[in-house]
Amino acid sequence: MKPWESTLLVAWFGVLSCVQAEFFTSIGHMTDLIYAEKDLVQSLKEYILVEEAKLSKIKSWADKMEALTSKSAADPEGYLAHPVNAYKLVKRLNTDWPALEDLVLQNSAADFIANLSVQRQFFPTDEDETGAAKALMRLQDTYKLDPDTISKGELPGTKYQAMLSVDDCFGMGRSAYNEGDYYHTVLWMEQVLKQLDAGEEATTSKAQVLDYLSYAVFQLGDLHRAVELTRRLLSLDPSHERAGGNLHYFERLLEEEREKMLSNHTEAELASQQGIYERPVDYLPERDVYESLCRGEGVKLTPRRQKRLFCRYHHGNRVPQLLIAPFKEEDEWDSPHIVRYYDVMSDEEIERIKEIAKPKLARATVRDPKTGVLTVASYRVSKSSWLEEDDDPVVARVNLRMQHITGLTVKTAELLQVANYGMGGQYEPHFDFSRKDEQDAFKRLGTGNRVATFLNYMSDVEAGGATVFPDLGAAIWPKKGTAVFWYNLLRSGEGDYRTRHAACPVLVGCKWGRMARLISVEEKLVQALKEYIVLAEAKLSMMKSWAEKRDALNLVIPEDKEGLEKLVDVYKVLKHLNKDWSLVESFVRQDPSTGTKYRSTLSVGDCFRLGQTALSISDLHHSVLWMQQALKQLNAGEHSTISKVQVLDHLSDISFRPGDLYRAVDFTHQLLSFDSSHKQAQLNLPYFVKLLEEERAGNLGNEESETKQETLNSSPQDTLDYKQTL
């Protein structure tokens, strides 16, 4: 409901309270009150209509969510095994439910909002939603899945159907764009266009998609396609200010490229005309081999090698406990020797270890090779916890079992580490032992180098999740209750570099931990929403009954405005306006939008989003005000996921648009002081300074506006559009 609609009824009460008193002393004045009440009834009916329309939307959402949560809550692990379901759950709780909160906040919703506030502490953040999007892209790259396959949810071994809508795909593309990942931006924005062309309904428009897509292909060096897409954008929205400037700039660059006719430019042009772009090369040299093994390709298990692999019963050099009940042992690889043991842990033990590990789960770390200090790393995406024998008898029992199987003492071993690889979680190729230049890597643990690795699998997965050895060409697939064992060191004590291994991302499989809890959170929110709907319907029913009752009174308005001789009507009008309508007013004022009944503050993130919202409607004035407020709160030390770099990036761009070069230069200087490697700022600063010098010299003239439109900063900044000057 629009703000003016929600305050309409209350505004009338304000008017009435200001009118001169003692109406009962003048019958002539009573006619005015009839008109006033007539308008009040009409206003109340309009309010009810708006509330009913809004409630209808909320009920539709609640029914949809109830159907969805009944399925997800019945089997959380199975439901979350599908990565698209996991992504959409995070997106719903981070984006869709807060949007519903805004809708509900427009009316009396204290109980629902209180419940939502309690549950909000468990909500994912923007960082979580971005991480979920990155996880889907990681699966996309590792398992060579095109966006259409992911969007349709056509993944191997999936139990639940999960599809990405146009808006979901647009969110994926925008997440990639905001990370400077133009390769994935193009893939997902093209998928959005494909679904829009197929007639799918969405709030995302083709103009929005083409805005991102044209700039992304430009960043990939495809000028021909950038020009083509920008022309399409202008055909849909001729008044799009940024597109006009970009088209002029792209065409000029294309003309310069044709004139130079450099061989490398020509090859790039020919390669990109088909709209096919190469995935950027990253820091991992064995990326292709690693990902091929994750897909089960390139495994070097030749028939000759396979003949050397056997199965046997293992009693651990005649350990008494294993003589009675030996373990089944299977060779997985011959050299280095990698073996798998079966039935190492029971289902009950696995569930107990999960249970005690969950509260301790934290972002997994790696040991810095130079300092030996534990730190997080982008190549290890998982959560882990470390369990001591004192935590639970099952930990001591599992440790003793490992000692019996391996013949190695656990006295010098590290604590039992439990890893939970969430959506798209992985651990890229690494060594478990320390190399010669990392001699102090395990000094803080008080242990020597890692002699061997004993890896327990606590879940089955339908697809993905293998442990692969790129140098060997080996891939070992997880099986619940089994354990894989290998030595990291040679007999000489030197590290065996062939044991470099990686944990592939789980494509489809069981996930436990925080994601399953989100299903419980959403289920509680649906129940709270249903309770709110019942109360809201009861309130509307009472208000409708009141409006109908007032309509039924049929008070006659005298033509000469001097009548109204029925004293009963006089009394009833006065009573209604003095008492009854005051009750209606208090009833409507239960709406937080019509009064400050509850204290509420805006966080840095709130101010930042208000600035973005102002930009989305081309309101540069308020965008600057709210971005400056976000910066003020950050400077005051308020903790936030929004960084000063993000705020300053917006402020420098917003200042430049209306021609405030002084502030544009100032904000860009500040931005670079926080992030000296910010590429866009590095490009913008000399450009802004040059324009400022020309302005000072009085040489800008009419060429200034054309030059501004040609700036490299003419890119979509999360649906920004500039049409208003400061």
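Is F656 buried or exposed at 1% relative accessibility? F656 counts as buried. The legends below take up this residue and others in a predicted model.

**View 1. F656 and F688 form a stacked ring pair.** The ring centres lie 4.7 Å apart. The planes meet at 25 degrees, so the pair is stacked; the cut-off for stacking is under 30 degrees. F656 sits in helix α24 (residues 644–656). F688 belongs to helix α26 (residues 679–696). The two are 32 residues apart, and the pair links distant parts of the chain. F688 is buried as well, with a relative accessible area of 1%.

**View 2. Y215 and F218 make a tilted pair within one helix.** The structure's aromatic pairs come to 18. In this one, the distance is 5.7 Å centre to centre, with 50 degrees between the planes. Both residues lie in helix α11 (residues 206–219). They are separated by about one helical turn, because they are three residues apart. Y215 is buried at 2% relative accessibility. F218 is buried at 12%.

**View 3. Ring pairs join aromatic residues into a cluster.** Its members are F170, Y177, Y182, Y212, Y215, F218, Y249 and F250. Y215 and F218, the tilted pair of the previous view, are among them.

**View 4. A disulfide joins C294 to C504.** The structure holds one disulfide. Its S to S distance is 1.9 Å. The torsion about the S-S bond is about -85 degrees, so the disulfide is left-handed. C294 lies in helix α15 (residues 287–294). C504 lies in the loop between β16 (501–503) and β17 (506–509). The pair therefore ties together parts that are 210 residues apart in sequence. Both cysteines are buried.

**View 5. C169 and C607 are buried cysteines.** The relative accessible area of C169 is 0%. For C607 the value is 1%.

**View 6. L408, V451 and Y487 make a nonpolar surface patch.** The patch covers about 230 Å². V451 is found in the loop between β10 (426–430) and β11 (452–456). With a relative accessible area of 39%, V451 is partly exposed.

**View 7. Residues 207–240 carry a repeat annotation from UniProt.** The unreviewed entry labels this span "repeat: TPR". In the model, the span is 79% helix and 0% strand. Its end C-alpha atoms lie 9 Å apart.

Methods. Residues numbered from 1 in each chain as written. Predicted model: local features only at pLDDT ≥ 70, side-chain atom pairs only at ≥ 80, totals over all residues. Heavy atoms only, no water. Patch = residues over 30% accessible without salt bridge, like charges linked within 9 Å, V, L, I, M, F, W, Y side chains within 5 Å. Areas by Shrake-Rupley, 256 points an atom, 1.4 Å probe, with all protein chains shown as cover. Salt bridge = Lys/Arg side-chain N within 4 Å of Asp/Glu carboxyl O. Helix = DSSP H or I, 4+ residues; strand = E, 2+ residues; numbered from the N terminus. Buried < 20%, exposed > 50% of the residue type's maximum accessible area, 1.4 Å probe, protein only. UniProt positions renumbered as here; feature names shortened; annotations may be inferred. Disulfide = S-S within 2.5 Å. Phe/Tyr/Trp six-rings, centres within 6.5 Å; stacked < 30°, edge-to-face > 60°.
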